[in-house]
Amino acid sequence: MFRTLKDAWKIEEIRRKIIFTFFMLLVYRLGNNIPIPFIDADALRSAYEGMEGTLVDYLNMLTGGGLSSLSLFALGVQPYITASIVMQLMTVAIPRLEELTKEGEQGRKQIQKYTRYVTIFLAIFQAIAITNGLFGSALSQATGFEKVVMNICLIAGSMFLTWMGETITDKGVGNGVSVIIFLGIVANVPHTLSTWKTGLHYDTVSVLSIIIMVVIVLLIVLAVVILTQGERRIPIQYAKRVVGRKMYGGKSTHIPVKVNMSGVMPIIFASAVLAIPSTIALFVGGSKSNLVQGLLGDGALGTAIYLIIQSLLIIVFAYFYNQIQFNTVEYAKNLQQYGGFIPGIRPGRPTSEYLQRVSSRITFIGAIGLAILTAVPTIASSILGLKLSFGGSSVIIVVGVILETLKQIEAMTTMKHYKGFLK
């Protein structure tokens with residue numbers, strides 16, 4: 001990893017991208033420490049103390065602590081992520097949107113524009129839910145004008161983060177939205193370590209429990225790396241053909257089918273979906289609504305329900321992303337067009353069905369692996385009695401984002417070396 005970063009830093013263009021990304025993340029952290037106007041910090045702190053250990057606490061972790069202090073970026077990128085889920089589902093259901101996905105860059109820009117519109121709507125909804133539901137009691141003294149200003153600040157902050165994520169993707173390194181979520185999670189690590197230190201001081205936490213938890217986290221990191229790097233290689237043979245006096249083809253290669261083709265997106269999407277009922281409940285009934293109570297993890301039963309639903313969503317989104325990214329029909333057509341075939345499999349439809357079968361089995365292994373790795377730290381935290389400000393999903397997101405960003409940097413570095421060689 002350090003060798004990759006060192007090599008990339010020597011290339012001026014990549015160095016500018018890395019510096020730009022760091023600058024944008026610095027702006028994010030600064031904005032996350034600026035509270036919106038007209039709030040009572042003491043009342044806000046008292047209101048949030050009753051929500052610790054709930055799903056609200058998890059959402060606060062994803063925003064880098066911005067939700068608990070009602071900072072400018074308190075909504076985070078959750079509205080954008082939810083809007084992306086909605087648009088991708090609509091792409092499958094609405095033929096016109098499906099056609100846009102096949103129109104290349106122009107179609108992608110159009111879908112991106114629709115996604116922003118949905119993001120604005122969701123940001124408005126969530127901002128009102130926070131100021132009137134989640135922190136309604138703490139902001140009860142605010143006037144109507146002050147509430148409007150608060151909501152405008154929250155909505156503007158969310159849209160600014162959306163722009164920031166897209167800009168990092170275009171002009172920086174890594175997937176911008178994933179990188180922002182990654183930084184929000186990492187920002188909570190010092191709080192967790194401080195909590196453990198306090199527990200050791202008052203003998204409420206044992207050294208053995210901390211050692212076991214650290215070992216579990218390291219094993220999860222190792223498992224995520226193996227899962228991310230794992231792939232099934234499907235052999236491809238190209239038939240020989242003569243064009244003029246030259247012979248083409250006759251070479252063997254393979255199609256790499258990733259075990260975890262969708263990366264960390266199923267976990268991010270699952271977290272966003274789990275936040276939807278919480279947002280609705282907060283909007284209609286405050287932080288103690290029965291709709292949320294079953295998902296917030298109150299006791300062993302609540303934690304079990306939450307983990308089961310989260311695991312099912314991870315599996316569903318893993319398959320959903322696999323269908324979008326790995327179009328077996330197009331692969332089969334391209335292979336047949338260029339004279340390629342899988343040994344023992346007829347070209348055309350049989351090839352497509354074979355690729356679909358292999359892809360489904362591989363995706364199932366990857367999805368189950370992600371679900372298990374997501375649940376293990378939460379279960380271990382309950383058994384060991386350690387408060388964990390980041391769950392298993394957070395560990396996987398952090399490791400996954402680092403691996404994906406490093407791969408992108410490696411690809412850019414390799415491309416620059418090839419360009420220099422060709423010159």
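1. Strand pairing. Strand β1, residues 231-238, is joined to β4 by seven bridges, and the two run antiparallel. Within this pairing, P235 stands opposite H254 of β4. Keep in mind throughout that this is a predicted model.

2. The sheet as a whole. Three strands make up an open sheet, ordered β4-β1-β5, with antiparallel pairing. The edges are held by β4 (252-258) and β5 (340-341). Each of these has a single partner strand, so one side of each is left without a neighbour in the sheet. As background, strands of a sheet pair through backbone hydrogen bonds, in either a parallel or an antiparallel way.

3. Aromatic pairs. How many aromatic pairs does a search of the whole structure find? The search returns five. F73 and F160 form one of them: the ring centres are 5.9 Å apart and the planes stand at 5°, so this pair is stacked. The cut-off behind that call is planes under 30 degrees apart. The pair links distant parts of the chain, 87 residues apart. F73 sits in the loop between α4 (55-62) and α5 (78-93), while F160 belongs to helix α8, residues 144-171.

4. Exposure of that pair. Buried or partly exposed: which word fits F73, and which fits F160? F73 has a relative accessible area of 5%, so it is buried. F160 comes out at 33%, so it is partly exposed.

5. A second pair. F269 and F317 are edge-to-face, at 5.6 Å centre to centre and with 85° between the planes. This pair also links distant parts of the chain. F269 lies in helix α12 (residues 265-285) and F317 in helix α14 (residues 299-325), 48 residues apart. F269 is buried, at 2% relative accessibility. F317 is buried too, with a relative accessible area of 7%.

6. An aromatic cluster. Y28, F73, F160 and W163 form one aromatic cluster. The stacked rings of F73 and F160 are thus worth viewing together with Y28 and W163.

7. The largest pocket. Its volume is about 1800 Å³. The lining counts 48 residues, and Q88, R108, Y321, I324 and Q325 lie nearest the centre. Two or more lining residues come from each of α5, α6 (95-101), α7 (104-134), α8, α12, α14, α15 (328-337) and α17 (392-422). Which element gives the largest share of this lining? That is α5, with seven residues. By class, the lining holds 16 nonpolar, 21 polar and eleven charged residues.

8. Cavities. Two cavities of 30 Å³ or more turn up in a search of the whole structure. The second largest has a volume of about 50 Å³. Its lining consists of V259, N260, M261, S262, A318, N322, T363, G366 and A367. Both α14 and α16 (349-384) supply at least two of these residues. The most come from α16, which gives three. What is the split by class? Four lining residues are nonpolar, five are polar and none is charged.

9. A buried serine. S178 is part of helix α9, residues 176-186. S178 has a relative accessible area of 3%, so it counts as buried. Leaving aside residues up to four places away in sequence, S178 touches V264, M265, I268 and V401.

Key. Residues numbered from 1 in each chain as written. Predicted model: local features only at pLDDT ≥ 70, side-chain atom pairs only at ≥ 80, totals over all residues. Heavy atoms only, no water. Phe/Tyr/Trp six-rings, centres within 6.5 Å; stacked < 30°, edge-to-face > 60°. Helix = DSSP H or I, 4+ residues; strand = E, 2+ residues; numbered from the N terminus. Buried < 20%, exposed > 50% of the residue type's maximum accessible area, 1.4 Å probe, protein only. 1 Å grid on protein atoms, 1.4 Å probe; cavity = no way out; pocket = protein on both sides within 12 Å on 5 of 7 lines; lining within 4 Å. Points joined across faces, edges and corners; volume = space filled by probe spheres on them. Nonpolar A, V, L, I, M, F, W, Y, C, P; charged D, E, K, R; others polar. Contact = heavy atoms within 4.5 Å. Pairing = 2+ DSSP bridges.
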